[in-house]
Protein chains: 2
Amino acid sequence: MDRIAGKAHTNHYQKGEFLFRSQEKDDALYIVNRGKVRIYRLSDSGKEQLVRILNPGDFTGEWTLFNPDAVHEEYAEATRDTSVCMIQQHDVQEFLKEYPAISLKLLGEMSQRLESSERQTAQVAVESVITRLVLFLAENVEPEMGNSPTITLPMAKKDIASYLGTTPETISRKFGELEDEGLIQQLSGKRIKIQDLDDLLLYSE
Amino acid sequence: MDRIAGKAHTNHYQKGEFLFRSQEKDDALYIVNRGKVRIYRLSDSGKEQLVRILNPGDFTGEWTLFNPDAVHEEYAEATRDTSVCMIQQHDVQEFLKEYPAISLKLLGEMSQRLESSERQTAQVAVESVITRLVLFLAENVEPEMGNSPTITLPMAKKDIASYLGTTPETISRKFGELEDEGLIQQLSGKRIKIQDLDDLLLYSE
DNA sequence: CAAAAAAATTGACGCTCATCAAGAAAAGTC
DNA sequence: GACTTTTCTTGATGAGCGTCAATTTTTTTG
């Protein structure tokens, strides 16, 4: 750990600054220390799709890290003041060769991300917006909260829209629909009261 | 290599047999030797989404392999007579600890798959069907074929539909549209003649 | 090669959801 | 607390695409 820390740089980013942009080339591993980072893609037509949000402890950069000639395909933007630990490819490879257990950990993390991404693809491909929204809410319920939990949305509704592959207008309407059905209540400050989680999950017609 | 081969089993599957099904639990790594395997997901409502096709040399099983308590979320079905090399988790971990270079190779492969999956999510989320189809065709052009290539579709059109998150009917119509525009010609036996690759890519209104 | 099964095509119809516009609410800033 | 900016909401409209149904074409099988 000490040896790793010795090789790592810590970088600070202000809200709105980018760790990297699409098409840029580098080969560092980025580990978020403090703050929040939005990872998103832009289509040719300029529409953005939110890929994921990095919180402290999360990392990114694996694409260019493990594929020497690759360039970034995503944008990584700090959405608040953020500090990030950077390790260069060369050093990462050293550590992985020296401590194979770290590779196993990394492989576990990567396979989780892959699973989650493939699930996301399948959902966007075949489920309706209301179903995707319900599943999104269910995924964001803290496990130990029982069947009638209150959750805090982990991102702005416009970001939920982007993440779910739809528009803010539609998300707004679908939240309204769920509220009209008595399945949720929208409280202040991104908080949502779920009346009955099972009922909510059943609603995905 | 010899040592790995010693621990590996080779299994044979007939067309239509499953290497594994969703919700099943196991912890093997599957490497395709010969044949072809369809990996797909089923939604609650029974719609299928094709995740990818495994050809000789490709592997799967990483999700349950690196996440001890996980169950499969996908179906792996042989679409022709197929032989598969299986290695148990325990043995995989041994090898990875002993030969760290293999881990790096695996991490490279996994990050490619992750990149590809995230690209796929973004496309399904924000692009129209015709755009997705055009991008799919472009991805399947052999690089060294110049600007007016003939390609062979790597799967049935119904599978393309499932992969792109749409229906066979719509795919059929979109192929027709591209043909009416003079951008492609549909030849016999899954072969497609592309008139001009650049024009085709520009068509994605 | 004929019969059966699977895949692909075509048409008609309607629903979900994107788009554009405009106003309200919330959050960030001095 | 007033001002600005961003986010959210609500309405009207229509395009894109899914669904259902029927036929044709291709592939598979004995």
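How many nonpolar, polar and charged residues does the surface near DNA strand D have? In this predicted model, the split is 2 nonpolar, 7 polar and 8 charged.

## Around DNA strand D

There are 17 residues around strand D, and those that come nearest are Lys157(A), Lys158(A) and Arg173(A), plus Thr166(B) and Thr170(B). On the DNA side, 60% of the strand D atoms within 4 Å of the protein belong to sugar and phosphate.

As for where this surface comes from, α6 (157-163) and α7 (168-180) of chain A and α7 (168-180) of chain B each put in at least two residues. The top contributor is α7(B), with 4 residues.

Now for some atom pairs. Ser172(A) has a side-chain N or O atom 3.0 Å from a phosphate oxygen of strand D. Bases get contacts too: a polar side-chain atom of Arg173(A) sits 2.9 Å from a base nitrogen of strand D, and one of Arg173(B) sits 3.0 Å from a base oxygen of that strand.

## Around DNA strand C

Strand C also has 17 residues around it, with Val129(A), Thr166(A), Thr170(A), Lys157(B) and Lys158(B) coming nearest. Here sugar and phosphate make up 64% of the strand C atoms within 4 Å of the protein. By class, the nearby surface divides into 2 nonpolar, 7 polar and 8 charged residues.

Arg173(A) turns up here as well, with a polar side-chain atom 2.9 Å from a base oxygen of strand C. Phosphate oxygens of strand C lie 3.3 Å from a side-chain N or O of Lys174(A) and 3.5 Å from one of Thr167(A). Two or more residues each come from α7 of chain A and from α6 (157-163) and α7 of chain B, and α7(A) gives the most, with 4.

Note on methods. Residues numbered from 1 in each chain as written. Chains lettered and ligands numbered in written order. Predicted model: local features only at pLDDT ≥ 70, side-chain atom pairs only at ≥ 80, totals over all residues. Heavy atoms only, no water. Near = heavy atom within 4 Å. Polar contact = N/O pair within 3.5 Å; in protein donor to acceptor, adjacent residues only side chain to side chain. Nonpolar A, V, L, I, M, F, W, Y, C, P; charged D, E, K, R; others polar.
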